[in-house]
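Got the structure open and not sure where to look? Here's a quick tour of who sits beside whom, topic by topic.

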Amino acid sequence: MHRVLFVDDDVASHLLFKQFLKKLPEVACVSNGEEGLQLLKERDDFKVIISDYDMPLMNGIEFLSKAKEVRPEVVRILLSGRADLQVAVEAVNECDVFRLLTKPCSAKVLKIALRDAFEHHRVITSEKELMNKTVRSVIHLVSDVTSLLKPERYTRTARILPLVKSLCQKFSEADRWSTEVAAVLSVVGFVFLPDPLMAKVEDGAVLSGSDYKTYLQHTRYSSKLISGIPRFENVATILSLQEANCVQDQRDGGFSGDEVPLGARILKVVSDYDRLSLGGRPKGEVLSMLKRRADRYDQNVLNGLIDILGDDATYYLREVYPLGLERGMILAQDVFGDIKGQRVKFLAKGQKLSDAMIDYIYKNSESIMDITQKIVIRENLVTETAVDGGDLM
């Protein structure tokens, strides 16, 4: 159905426009750009927008530029009573208009422009639908082949994709489509890595030396395979840089943050978090390990991941013997002891240990508790930027 949105602050033009196009099933007329944008947000059935140039508050070029962001597939036509070169240049460069018409515009010229606009919309939407079907087929094909060859490695996609999607929503400037597709296809490179190495990865081992260098080859394998697919250029770039270190001064051959696509920075943070989590480490411990390596990650992305994972990711748990307790530690469990034959809670979960408490435990531990039983404590996520050394993971 041919649906047209007409935007003009002159109400008389609305009547004339509808008279010109009375055979069209539906024509919506509004008086300013704000109303037009609101209608575009509410409805997705418009095929063509026709806007006057000379309007108060928001001129036609400003409106069509914003309309392009809201509904990029809708064909845009600009009407202008000022047929000067500057308006034409702005119309093409800023809002990619399909046609620029001068006012007053005859019914014949308007109908021809609309006929061509409808055909242009049909072509671009058909191409888009075909492209989407092709892309989905390619992704499914690659994913299916990978799952058949190495089913144990394909589970990685199910783990990382939700986090990648959440971070793309959090950072709206990211190329969401390319980043999510890269997350799905990143598993391809792991198919070519040696099984003994992948066994270490799947156990959550920290890789170093030659193992880490071999592991990095997965980026080359995946990006090389994907780069041959038309319109996957951004995906291939993200895959090739998904292990790139984000540094401030390009030390050790790293990249400055703005040289690495945001999608690659997101994929690196999520991938390393996932890999280190495979060994059964708590969320907080894994994030603490990542925080210690501030020269490798986009800290905004890492902090975004911490926000997404929630409060339980701001600390991690570890066990210590009673005589190993220290001031400042926070208990992650209630501590009970045997006092005069009765089981008594003398330290509560969430309590921060003071010097007085530590002295009491040291003096009375053997008489009131089993010093061979470890106590679970909670340690806050490390925020210092100390670097551990080594090749990392």
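What follows is a short briefing on aromatic pairs, buried residues, nonpolar cores and salt bridges. Keep in mind that this is a predicted model.

**Aromatic rings**

- To describe a pair of aromatic rings, you give the distance between the centres and the angle between the planes.
- There are four aromatic pairs in the structure. Take Trp-177 and Phe-232: their ring centres are 5.7 Å apart and their planes sit at 80°, so this pair is edge-to-face.
- That pair joins distant parts of the chain, with Trp-177 in helix α7 and Phe-232 in the loop between α10 and α11, 55 residues apart.
- Are these two buried or exposed? Trp-177 has 38% relative accessibility, so it counts as partly exposed, while Phe-232 is buried at 1%.
- Now look at Phe-190 and Tyr-215, a tilted pair with 5.8 Å from centre to centre and 45° between the planes.
- Phe-190 is in the loop between α7 and α8, and Tyr-215 is in helix α9, so this pair ties together parts 25 residues apart in sequence.
- Phe-190 is buried, with a relative accessible area of 2%, and Tyr-215 is buried too, at 1%.
- Add Tyr-212 to Phe-190 and Tyr-215 and you've got one aromatic cluster.
- A charged residue also meets a ring: Arg-343 lies over the face of Phe-336, 3.9 Å from the ring centre.

**Three residues to click on**

- Asp-8 is in the loop between β1 and α1, and its relative accessible area of 1% makes it buried.
- Which side chains make polar contacts with the side chain of Asp-8? One is Ser-13, at 3.5 Å, and another is Lys-103, at 3.3 Å.
- If you skip neighbours within four places in sequence, the contacts of Asp-8 also include His-14, Val-30, Ser-31, Asp-52 and Met-55.
- Phe-20 belongs to helix α1 and counts as partly exposed, at 22% relative accessibility.
- Phe-20 and Leu-110 are 90 residues apart along the chain, yet 8.2 Å separates their C-alpha atoms. Setting aside residues up to four places away, Phe-20 touches Cys-105, Ser-106, Ala-107, Leu-110 and Lys-111.
- His-218 is found in helix α10, and with 0% relative accessibility it counts as buried.
- The side chain of His-218 has a polar contact of 3.0 Å with that of Glu-243. Beyond its neighbours within four places in sequence, His-218 is in contact with several residues, including Ser-186, Gly-189, Phe-190 and Leu-193.

**Nonpolar cores**

- In soluble globular proteins, nonpolar side chains tend to be buried together.
- The largest nonpolar core here has 41 residues, and the ones touching the most other members are Val-235, Ile-266, Leu-267, Tyr-273 and Leu-287.
- Which elements give two or more residues to this core? They are α6, α7, α11, α12, α13 and α14, and α12 gives the most, with eight residues.
- Want to see one member up close? Not counting residues up to four places away, Leu-267 touches Ile-160, Val-164, Ala-182, Ala-183, Ser-186, Ile-238, Leu-239 and Gln-242.
- Apart from this core there's another one, made of 22 residues, among them Tyr-53, Met-58, Leu-64 and Val-87.

**Salt bridges**

- How many salt bridges are there? The count comes to 18.
- Asp-116 and Arg-115 form one of them, with the closest N and O atoms 3.3 Å apart. Asp-116 is partly exposed at 23%, whereas Arg-115 is exposed at 53%.
- The side chains of Asp-211 and Lys-200 meet in a salt bridge of 2.6 Å, N to O. This pair links helix α9, home of Asp-211, with helix α8, home of Lys-200, and the two residues are eleven apart.
- Asp-211 is partly exposed, with a relative accessible area of 23%, and Lys-200 is partly exposed as well, at 38%.
- Lys-345 pairs up with Asp-334, the closest N and O atoms being 4.0 Å apart. Lys-345 is in strand β11 and Asp-334 is in the loop between β9 and β10, so the bridge ties together parts eleven residues apart in sequence.
- Finally, Glu-243, Lys-268, Asp-272 and Arg-275 are linked in a network of salt bridges. You've already met Glu-243 as the polar partner of His-218.

Methods:
Residues numbered from 1 in each chain as written. Predicted model: local features only at pLDDT ≥ 70, side-chain atom pairs only at ≥ 80, totals over all residues. Heavy atoms only, no water. Phe/Tyr/Trp six-rings, centres within 6.5 Å; stacked < 30°, edge-to-face > 60°. Helix = DSSP H or I, 4+ residues; strand = E, 2+ residues; numbered from the N terminus. Buried < 20%, exposed > 50% of the residue type's maximum accessible area, 1.4 Å probe, protein only. Lys NZ or Arg CZ within 6 Å of the ring centre and 35° of its normal. Polar contact = N/O pair within 3.5 Å; in protein donor to acceptor, adjacent residues only side chain to side chain. Contact = heavy atoms within 4.5 Å. Core = buried A, V, L, I, M, F, W, Y, C linked by side-chain atoms within 4.5 Å.
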